[in-house]
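These exercises ask you to read a protein model step by step, with the sequence and the structure open beside you. Try each task on your own before you read the solution below it.

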Number of protein chains: 2
Amino acid sequence: MLTVYGDNRSGNCLKVKWLLDLMRLDYQWIETDVTSGATRSEAFLALNPAGQTPTVVLEDGRPLAQSNALLLYFGEGSRFVPAGPYDRARMMEWLFWEQYSHEPYIAVVRFQRAIAGRSADQIEPRLMERGHAALARMEQALEGRDWLVGEAPTLADLSLVAYTRVAPEGDFDLTRYPNIVAWVARTEAAFGIS
Amino acid sequence: MLTVYGDNRSGNCLKVKWLLDLMRLDYQWIETDVTSGATRSEAFLALNPAGQTPTVVLEDGRPLAQSNALLLYFGEGSRFVPAGPYDRARMMEWLFWEQYSHEPYIAVVRFQRAIAGRSADQIEPRLMERGHAALARMEQALEGRDWLVGEAPTLADLSLVAYTRVAPEGDFDLTRYPNIVAWVARTEAAFGIS
């Protein structure tokens, strides 16, 4: 059986869980609190020297990490990966963009507010600005479109919905982004996220 | 013919150029200075709303961005993408790690020092710390190994060498990392980087 070391407050971990659930893959979830130092133990660092969740241990004992790499590993061959090389590449483009231009702002602010308990005035304004820039880009991309890539849900939607749906916990007001609000509901329904 | 909008001081752009050269693909390079506002023009944002280089326009006029997504698009089917799903996933793991845990420190400090002209005392200490943490992780991963994944060079090596080779321009002393120094030379030779 698969073992998933994950923190169930983390979008990066939940996106992997949602895909495994949808694909009906058996796994053991080991709740791993990133604020407790659990990812800094010698045993954990032996599995993932980057000390990050999610970290998955495959049936044969080999470890694998990075949320979007895990989505690609488990999602390969599913209907959530476009067959055409261009749409596939656009999906990849969103996956890399998510980790570079979205997660470091939306997820980080949400962590600081909702998990670390900081108040609004303790948040770097630059993080809010860049988070809103990321949301504005998504809002524009979703204009007249149901999904980020092509005509069906892909791993790009799954990956990006993970922190976008909880952005309000970081005080990002999603009512400013009606295309995103509709897409979040659509994506949650498509992937069975509740 | 392909069109590549790239800044030739940017590792993210050069990694794509190196792969296109190695695969003998014809392209037109349009030098795009990221400090000049060129990536903020209406025409550029129509190609890539994220306003980032590299941005490639394919033969049929469709745009594609994100350096590592471009490596995967052009490198698919080459000897630089492992055939086995596990090694392929490990390569993906490094590609996502590069954009999340390496580029935002190594490339950013190098940009601030070598391109924006800041002095050492104008660099956030946290950026140096995290950059060294990234290098330490690579040093450990390369212990007793020639390549980051498996027994041959992959897109993971190509992607990571782009900013690692110029890390000294950001005052990251690579002599502290002998495995990295040897791997940089090996990777430059494997991909014909001069």
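**Exercise 1. Find the residue in E2(B) that is the bridge partner of Leu2(B), and then describe the sheet around this pair.**

Solution. Begin with the pair itself: within E2(B), Leu2(B) has Tyr27(B) as its bridge partner. This model is a predicted one, in which local features need pLDDT of at least 70 and side-chain atom pairs count only at pLDDT 80 or more, while totals for chains, interfaces and linings use all residues. Residues are numbered from 1 along each chain as its sequence is written, chains are lettered from A and ligands numbered from 1 in the order in which they are written, and side-chain values use heavy atoms, with hydrogens and water left out.

Next, look at the two strands: strand E1 (residues 2-6) of chain B is joined to E2(B) by five bridges, and the two run parallel. Strands and helices here are DSSP runs numbered from the N terminus, a helix being H or I with at least four residues and a strand being E with at least two. Two strands pair if DSSP finds at least two bridges between them. In general, strands of a sheet pair through backbone hydrogen bonds, either parallel or antiparallel.

Then widen the view: chain B has an open sheet of four strands in the order E2-E1-E3-E4, and its pairing is mixed. Strand E2 (27-31) and strand E4 (63-65) of chain B are the edge strands, each of which pairs on one side only. On average, and with direction ignored, neighbouring strands of this sheet are turned by 20° against each other.

Finally, add the helices: H1(B) lies across E1 and E2 of chain B and runs at about 160° to E2(B), whereas helix H3 (residues 67-75) of chain B lies across E1, strand E3 (55-57) and E4 of chain B, at about 115° to E4(B). Such angles run from 0 to 180 degrees between N-to-C directions, with axes that are lines fitted to C-alpha atoms, for helices over the stretch in contact.

**Exercise 2. State how the axes of helix H1 (residues 11-22) of chain B and helix H6 (residues 155-164) of chain B cross, and list the residues that make the contact.**

Solution. Take the geometry before the residues: the two axes come within 8 Å and cross at roughly 140°. H1(B) is therefore oblique to H6(B), since angles under 35 degrees count as roughly parallel, over 145 as roughly antiparallel, 65 to 115 as roughly perpendicular and the rest as oblique.

Now list the contact, which means heavy atoms within 4.5 Å. From H1(B) come Gly11(B), Asn12(B), Lys15(B), Trp18(B) and Leu19(B), and from H6(B) come Leu155(B), Leu158(B), Ser159(B), Val161(B), Ala162(B) and Tyr163(B). Sorted by class, the contact of H1(B) with H6(B) has seven nonpolar, three polar and one charged residues. Here Ala, Val, Leu, Ile, Met, Phe, Trp, Tyr, Cys and Pro count as nonpolar, Asp, Glu, Lys and Arg as charged, and the others, Gly among them, as polar.

**Exercise 3. Describe how helix H4 (residues 85-115) of chain A is placed against helix H6 (residues 155-164) of chain A.**

Solution. The axes of H4(A) and H6(A) come within 9 Å and cross at roughly 5°, which means that H4(A) is roughly parallel to H6(A). Among the residues that meet are Trp94(A), Glu98(A) and Arg110(A) in H4(A), and Leu155(A), Ser159(A) and Tyr163(A) in H6(A). The residues of this contact divide into 10 nonpolar, three polar and three charged.

**Exercise 4. Locate the cis peptide bond that joins Thr53(A) and Pro54(A), and look for one in chain B.**

Solution. In chain A, the cis bond between Thr53(A) and Pro54(A) has an omega of about -5°, and Pro54(A) sits in the loop between helix H2 (42-47) and E3 of chain A. In chain B, a cis bond joins Thr53(B) and Pro54(B), with omega about -5°, and Pro54(B) lies in the loop between helix H2 (42-47) and E3 of chain B.

**Exercise 5. Work out what turn and what shift lay chain B on chain A.**

Solution. A turn of 180° with a shift of 0.0 Å along the axis lays chain B on chain A with an RMSD of 0.0 Å, where the copies are superposed by least squares on the C-alpha atoms of residues with pLDDT of at least 70 in both. This is therefore the relation of a two-fold axis. In chain B, the C-alpha of Tyr100(B) is the nearest to the axis, at 3.0 Å from it. Both copies use the same surface, as 97% of the contact residues of chain B recur in chain A.
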